[in-house]
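User: I am new to this structure and should like to understand the terms used to describe it. Please show it to me, and then let us go through the reasoning behind each term.

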Number of protein chains: 2
Amino acid sequence: MTRIWFNEVVTRDGFQSEGRFIPTEAKVSLVDALAHCGYAKIEVTSFTSPHAIPMLRDAQEVMARIRRVPGVEYTVLVPNMRGAERALDSSADELNLVMSISETHNLANLRMSRDRSFVALTDVIRAVAGRVPINVSLSTAFGCPMEGEVPQEEVLRWAGRFAALGVRGITICDTTGMAHPGQVNRMVEALQRRFSGFQLTLHFHDTRGMGLANVLAAVQGGIRRFDGSLGGLGGCPYAPGASGNISSEDAIHMLGAMGYDTGLDLDKLLPIARTLPQLVGHEVPGQLGKAGPIGRLHPVPAAVADLRKGLAA
Amino acid sequence: MTRIWFNEVVTRDGFQSEGRFIPTEAKVSLVDALAHCGYAKIEVTSFTSPHAIPMLRDAQEVMARIRRVPGVEYTVLVPNMRGAERALDSSADELNLVMSISETHNLANLRMSRDRSFVALTDVIRAVAGRVPINVSLSTAFGCPMEGEVPQEEVLRWAGRFAALGVRGITICDTTGMAHPGQVNRMVEALQRRFSGFQLTLHFHDTRGMGLANVLAAVQGGIRRFDGSLGGLGGCPYAPGASGNISSEDAIHMLGAMGYDTGLDLDKLLPIARTLPQLVGHEVPGQLGKAGPIGRLHPVPAAVADLRKGLAA
């Protein structure tokens with residue numbers, strides 16, 4: 001069986017776009033429950049300014065209170081040196097740095113040019129070197145909601161610059177759900193050729209319904225690591241009402257049905273997914289919590305059972 | 001460019017599971033609007049008993065009032081000889097017969113065994129022969145919510161029996177969203193080998209989020225015809241709250257982005273899709289109505305434009 005690794009991002013990317021503050025206690029409980037389901041990594045939180053993202057203002061407390069499960073990597077998003085220091089203080093297992101491939105999106109999101117982001121992140125990578133592994137998430141790699149098409153060569157160029165700095169992993173992010181399977185095929189082929197020695201992760205959103213089709217295309221191309229968000233939480237300001245990140249449980253269920261070994265236990269994961277609507281105060285896009293896995297059978301109605309008996313007689 | 005044909009089923013399969021009666025006038029307007037978007041076929045309604053499916057009790061009136069657009073085939077679902085007669089009276093361009101591959105599902109849905117269904121449908125096919133083309137939709141072909149796994153050989157066997165009767169087309173239906181892409185690969189390979197001379201259509205539901213991934217797998221295997229339901233309407237009683245049929249607009253958008261020629265005009269289709277929530281009285285699963293196509297760009301905020309100007313200076 002081919003192994004696929006999942007990185008759960010619900011408490012970071014998922015919660016970040018929720019309107020109502022989710023209590024620290026609930027975040028800690030959720031991370032602790034998820035840690036027993038078989039994830040390779042959990043992106044717990046983000047060490048950003050509490051003014052920029054009030055939802056994650058309790059990053060330090062959450063990291064201090066979770067009970068670490070051996071074998072699970074607890075990673076955190078880090079935008080700058082200050083965030084990196086706080087992340088190291090919190091004993092994060094990995095630092096996930098971020099910048100956008102689209103200049104306009106980087107300006108909108110991080111208020112600086114890509115060149116300035118790269119210089120700042122280079123400083124972080126050098127300062128952290130040898131202490132914990134670094135992952136770099138490259139946003140808007142399949143398209144930018146303001147610029148439109150993002151050339152694949154640009155993605156490869158920026159990934160190459162970070163690879164040269166010695167990061168362990170690179171995550172290629174379809175931040176606003178603009179990727180389609182044909183584009184994923186081409187991207188993955190180029191990535192596998194140039195960065196096969198790195199931990200390559202694909203991060204898809206389901207904004208236009210193509211999330212799991214893109215996962216399929218990426219798996220067909222040899223990708224073995226995915227970000228997912230429980231319940232499909234993680235909407236996007238450019239598409240109000242649309243789906244968010246790919247739903248972890250839906251993606252894990254699909255790959256499991258296809259015979260891949262995701263290491264995830266759906267019997268543990270689904271009851272957790274089903275607690276999300278109450279936690280966030282609205283329905284969630286993930287389907288499996290509503291429909292159940294394909295192996296779950298429904299009882300035969302009595303009238304039909306009688307008909308069946310009549311046939312057998 | 002490879003051509004893909006779409007069959008729109010929203011006014012039949014989509015509406016059938018809605019609770020609130022949709023007025024005849026609205027059905028007629030919807031079919032007439034859809035007819036100008038580029039569909040190969042529109043499954044307008046079903047000639048079943050008005051007691052069994054009250055939503056479609058106006059089948060005759062709808063068929064009489066729609067304005068036919070040349071080049072579009074207006075097909076109707078037909079469960080039996082009485083329905084076939086009414087369908088012919090209504091000048092349907094095609095009759096779509098139906099039975100389940102799962103014995104239990106056929107008993108639950110049609111109150112008779114598959115063998116009895118086959119005899120009855122054989123009579124219909126012989127009676128109609130030479131007047132209009134016949135399509136047969138085989139339900140629960142990828143799994144039954146009560147029986148579980150459905151052997152692929154059973155699907156091929158029943159498809160073969162209908163093929164031998166001279167039907168024009170066969171639709172392989174994943175009635176409750178149990179198919180996964182690996183299974184679709186295998187099914188499609190077998191279908192293409194045995195039934196390449198027939199109009200082969202795949203009918204997927206998105207109950208567990210795998211709908212578009214299954215479309216991708218089917219297209220990769222050479223399938224060129226799909227059923228879709230606008231807005232993704234068409235839920236299933238076994239999965240309350242879960243998604244329905246695959247959303248036509250989401251599937252068409254994905255295949256268009258990948259370079260397939262679907263013949264559909266999204267600029268015409270999306271405004272129609274966006275009328276559905278009001279028509280049915282609730283949000284719909286289709287994503288594209290909310291997010292817009294990938295080509296639709298968002299304005300650059302003034303503050304970001306200023307930053308960009310600063311960089312260029």
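Analyst: The questions below take up the model, the pairing of its chains, one helix and several single residues.

User: What kind of model is this, and how are its parts numbered?

Analyst: This is a predicted model, in which local features need pLDDT of at least 70 and side-chain atom pairs count only at pLDDT 80 or more, while totals for chains, interfaces and linings use all residues. Residues are numbered from 1 along each chain as its sequence is written, and chains are lettered from A and ligands numbered from 1 in the order in which they are written.

User: What is the confidence in chain A, and what are the scores of the model?

Analyst: On pLDDT, the predictor's confidence in each residue from 0 to 100, chain A has a mean of 96, and 100% of its residues reach 70 or more. The model scores ipTM 0.97 and pTM 0.97.

User: Why is chain A called as compact as a globular protein of its length?

Analyst: Chain A holds 14 helices and eight strands, where helices (H or I, at least four residues) and strands (E, at least two) are DSSP runs numbered from the N terminus. Its radius of gyration is 20 Å, close to the 20 Å that the globule rule gives for 313 residues, so chain A is as compact as a globular protein of that length. The radius is taken over C-alpha atoms, and the rule is 2.2 Å times the number of residues to the power 0.38. The C-alpha trace of chain A spans about 80 × 40 × 35 Å along its principal axes.

User: How do you know that the two copies are related as by a two-fold rotation axis?

Analyst: A turn of 180° with a shift of 0.0 Å along the axis lays chain A on chain B with an RMSD of 0.0 Å. The two copies are thus related as by a two-fold rotation axis. In chain A, the C-alpha nearest that axis belongs to A:Ala213, at 1.9 Å. The superposition is by least squares on the C-alpha atoms of residues with pLDDT of at least 70 in both copies.

User: What makes it right to say that the copies meet through the same surface?

Analyst: Of the interface residues of chain A, 100% are also interface residues in chain B, so the copies meet through the same surface. Contact (C-beta atoms, placed from the backbone, within 7 Å) joins 46 residues of chain A to 46 residues of chain B. Among the elements giving two or more residues to the side of chain A that touches chain B are helix H8 (181–194) and helix H9 (211–220) of chain A. By class, this side has 26 nonpolar, 16 polar and four charged residues. Here Ala, Val, Leu, Ile, Met, Phe, Trp, Tyr, Cys and Pro count as nonpolar, Asp, Glu, Lys and Arg as charged, and the others, Gly among them, as polar.

User: How does the length of helix H7 of chain A compare with what is expected?

Analyst: Helix H7 (residues 152–164) of chain A has 13 residues and reaches 18 Å from its first C-alpha to its last, close to the 18 Å expected at 1.5 Å a residue. That expectation is 1.5 Å times one less than the number of residues. The buried residues of H7(A), including A:Trp158 and A:Phe162, pack against strand E5 (134–139), strand E6 (169–173) and H8 of chain A.

User: Why is B:Gly231 classed as it is: buried or exposed?

Analyst: A residue is buried if 20 or more other C-beta atoms lie within 10 Å of its own, exposed if 12 or fewer, and partly exposed in between, with C-beta atoms placed from the backbone. B:Gly231 has 29 such atoms and is therefore buried. Its place is the loop between strand E8 (225–228) and helix H10 (248–257) of chain B. B:Gly231 and B:Gly286 are 55 residues apart in sequence, yet their C-alpha atoms are 4.3 Å apart.

User: Why is A:Gly166 classed as it is: buried or exposed?

Analyst: With 12 other C-beta atoms within 10 Å, A:Gly166 is exposed. This residue, in the loop between H7 and E6 of chain A, takes a positive phi of about 90°.

User: What makes A:Arg111 partly exposed?

Analyst: A:Arg111 has 13 other C-beta atoms within 10 Å, and is therefore partly exposed. Its phi is positive, about 60°, although A:Arg111 is not a glycine.

Definitions and conventions. Contact = placed C-beta atoms within 7 Å.
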